[in-house]
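The following exercises concern the structure displayed below. Each task is followed by a solution worked out in steps.

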Amino acid sequence: MCLIQSRQMDDKENRERLLDAVQVFSDYFQKTIMLRSVFCENRHFLSVVQAHLNEEFGHNFKLMKDRKYRVPVWHPILEATAAWFAWKMFTLDNEEKTVLIHLVLEASANIFFSAAHEVMRRYGETDYFEVHAQVDAQHEQMGIDLLDNLSAKKYVNLMTVQQQGWEMLNAACDQIACLSTRS
Ligand SMILES: [Fe+2]
């Protein structure tokens, strides 16, 4: 958030490096929501899972096109933190997945993409952030109703998952910021 609102975004190379790093996270986000859909058999969750996938499907290719298909950056911390969300689609239950997708990934996208869109729109290089800036508030809310009427013990468990998710996300964002300004 500090980087996107700083003068460092005036530099075209910094903007390109930022998009190269965001591409890695965007690619893993696609894998995450697809895995969630593939492994969801619970009808209570299925309609939200499918509606969300329909709205997000292929958005990473839009960014790839705007980046003119440059090879994205590779960094072990970015790779590991982004892949962690996809891995969790194999191991968590439906409520836990809902927390990670809607109350971590979409909640953070709602904050970051709105700010990023305000800055990046000046340069006309990508409108990748625009669609997210418009719909991610709604994507964050999509998950809320699925988490009604659970036990106190379950909510404590979900808060742990949420905390871990934000820590992984913040580690990914720190690394994206480092990679964006590396000369
Ligand atoms: Fe979204």
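**Exercise 1. Locate proline 76, state its exposure, and relate its position to that of leucine 146.**

Solution. Proline 76 is found in helix H4. The model under study is a predicted one, and its coordinates give proline 76 a count of 8 other C-beta atoms within 10 Å. A residue is classed as exposed if that count is 12 or fewer; proline 76 is therefore exposed. Leucine 146 lies 70 residues from proline 76 in sequence, and the two C-alpha atoms are 34 Å apart in space.

**Exercise 2. Describe the secondary structure, the dimensions and the confidence of the model.**

Solution. The protein contains seven helices and zero strands, which gives the pattern α-α-α-α-α-α-α along the sequence. The C-alpha trace spans about 50 × 25 × 25 Å along its principal axes. For 183 residues, a compact globule would have a radius of gyration near 16 Å; the protein has 16 Å, so the two values agree. Of the contacts with a separation of 6 or more, 82% join residues 24 or more positions apart.

As to confidence, the mean pLDDT is 94, and 99% of the residues reach 70 or more. The lowest confidence is in H6, with a mean of 82, and the highest is in H4, at 98.

**Exercise 3. Determine how H1 and H4 are arranged relative to each other, and which residues form their contact.**

Solution. Two packed helices are described by the angle between their axes and the distance between the axes. For H1 and H4 the angle is about 5° and the axes are 8 Å apart. Angles under 35 degrees count as roughly parallel, and H1 and H4 are therefore roughly parallel to each other. On the H1 side, the contact residues include Ala21, Val24, Phe25 and Tyr28. On the H4 side, they include Leu78, Ala82, Phe85 and Phe90.

Leucine 35 illustrates this packing at the level of one residue. Leucine 35 is placed in helix H1 and, leaving aside neighbours within four places in sequence, is in contact with Ala86, Met89 and Phe90. With 17 other C-beta atoms within 10 Å, leucine 35 is partly exposed. Histidine 59 is 24 residues from leucine 35 in sequence and 16 Å away in space, C-alpha to C-alpha.

**Exercise 4. Identify the largest nonpolar core and the elements that build it.**

Solution. Buried residues make up 32% of the 183 residues. The largest nonpolar core has 32 residues, of which Ala21, Val24, Phe25, Ala82, Leu100, Val104 and Leu105 touch the most other members. Two or more residues of this core come from each of helix H1 (12-38), helix H4 (76-91), helix H5 (94-120), helix H6 (128-142) and helix H7 (152-181). H5 gives the largest share, 12 residues.

Leucine 100 is one of the core residues named above. Beyond its neighbours within four places in sequence, leucine 100 is in contact with Phe85, Lys88, Leu92, Leu105, Val161 and Gly165.

**Exercise 5. Classify lysine 88 and tryptophan 84 by exposure, and give a long-range C-alpha distance for each.**

Solution. Lysine 88 is found in helix H4. The threshold for a buried residue is 20 or more other C-beta atoms within 10 Å; lysine 88 has 20 and is therefore buried. Isoleucine 176 is 88 residues from lysine 88 in sequence, and their C-alpha atoms are 21 Å apart.

Tryptophan 84 is found in helix H4. With 18 other C-beta atoms within 10 Å, tryptophan 84 is partly exposed. The C-alpha atoms of tryptophan 84 and leucine 169 are separated by 9.6 Å, although the residues are 85 apart along the chain.

**Exercise 6. Examine the backbone and the surroundings of tyrosine 69 and asparagine 149.**

Solution. Most residues other than glycine have a negative phi. Tyrosine 69 has a positive phi, near 60°. Tyrosine 69 lies in the loop between helix H3 (59-66) and H4, and is exposed, with 9 other C-beta atoms within 10 Å.

Asparagine 149 also has a positive phi, near 55°. Asparagine 149 is found in the loop between H6 and H7, and counts as exposed, with 5 C-beta neighbours inside 10 Å.

Technical notes: Residues numbered from 1 in each chain as written. Predicted model: local features only at pLDDT ≥ 70, side-chain atom pairs only at ≥ 80, totals over all residues. Helix = DSSP H or I, 4+ residues; strand = E, 2+ residues; numbered from the N terminus. Rg over C-alpha atoms; globule rule 2.2 N^0.38 Å. Contact = placed C-beta atoms within 7 Å. Core = buried A, V, L, I, M, F, W, Y, C linked by C-beta atoms within 7 Å. pLDDT = per-residue confidence, 0-100. Axes fitted to C-alpha atoms, helices over the stretch in contact; angles between N-to-C directions. Parallel < 35°, antiparallel > 145°, perpendicular 65-115°, else oblique.
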